[in-house]
Amino acid sequence: MAEVEDAALTDMLESGWTVAGYSVCLMAMGATSHHILLQHGSKLTTHVIVINNGAEVGRAVLPFAPAPPKKKGWFG
């Protein structure tokens with residue numbers, strides 16, 4: 001997962017993205033991953049936040065639609 005800035009979720013919500021779904025997954029050693037599905041028109045993306053012992057471990061934004069461009073070769 002590529003790390004993103006902490007304000008990315010706030011920026012997306014302020015610019016008109018809406019929450020279309022939400023789930024929490026229990027991970028090893030009690031960590032949790034929160035998956036927030038966001039929609040803006042025909043764009044669909046998920047924002048993942050991983051938390052362990054009450055502290056945030058990382059964040060990532062993964063686009064679903066439109067699909068990201070496919071890489072060619074080993075290094076894109």
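**Close-up 1. Tyr22, an exposed residue of strand 1.** In this predicted model, Tyr22 has 52% relative accessibility, so the residue counts as exposed. The cut-off for exposed is over 50%. Tyr22 belongs to strand 1, which covers residues 18–26.

**Close-up 2. A nonpolar patch on the surface.** Tyr22 is joined here by Leu13, Val19 and Val24. Together the four form a nonpolar surface patch with about 380 Å² of accessible area. Strand 1 is the main contributor. Three of the patch residues come from this strand.

**Close-up 3. The salt bridge between Glu56 and Arg59.** The structure holds one salt bridge. The side chains of Glu56 and Arg59 form this contact, at 2.7 Å from N to O. Side chains of opposite charge can pair when their charged atoms come close. How exposed or buried is each partner? Glu56 counts as partly exposed because its relative accessibility is 39%. Arg59 counts as buried, because its value is 16% and the cut-off for buried is under 20%.

**Close-up 4. Asn53 in the loop between strands 3 and 4.** Strand 3 spans residues 43–52, and strand 4 spans residues 55–65. Asn53 sits in the loop that links the two. With 74% relative accessibility, Asn53 therefore counts as exposed.

**Close-up 5. Asn53 and Met29, across the sequence and in space.** How far apart are Asn53 and Met29 in space? Their C-alpha atoms lie 9.1 Å apart. In sequence, 24 residues separate Asn53 from Met29.

Technical notes: Residues are numbered from 1 along each chain as its sequence is written. This is a predicted model: local features need pLDDT of at least 70, side-chain atom pairs count only at pLDDT 80 or more; totals for chains, interfaces and linings use all residues. Side-chain values use heavy atoms; hydrogens and water are left out. Patches are made of residues with over 30% relative accessible area and no salt bridge: like charges are joined within 9 Å, nonpolar side chains (Val, Leu, Ile, Met, Phe, Trp, Tyr) within 5 Å. Accessible areas come from the Shrake-Rupley method with a 1.4 Å probe; for residues, only the protein chains shown count as cover. Helices (H or I, at least four residues) and strands (E, at least two) are DSSP runs, numbered from the N terminus. Buried means under 20% relative accessible area, exposed over 50%, partly exposed in between (1.4 Å probe, protein chains only).
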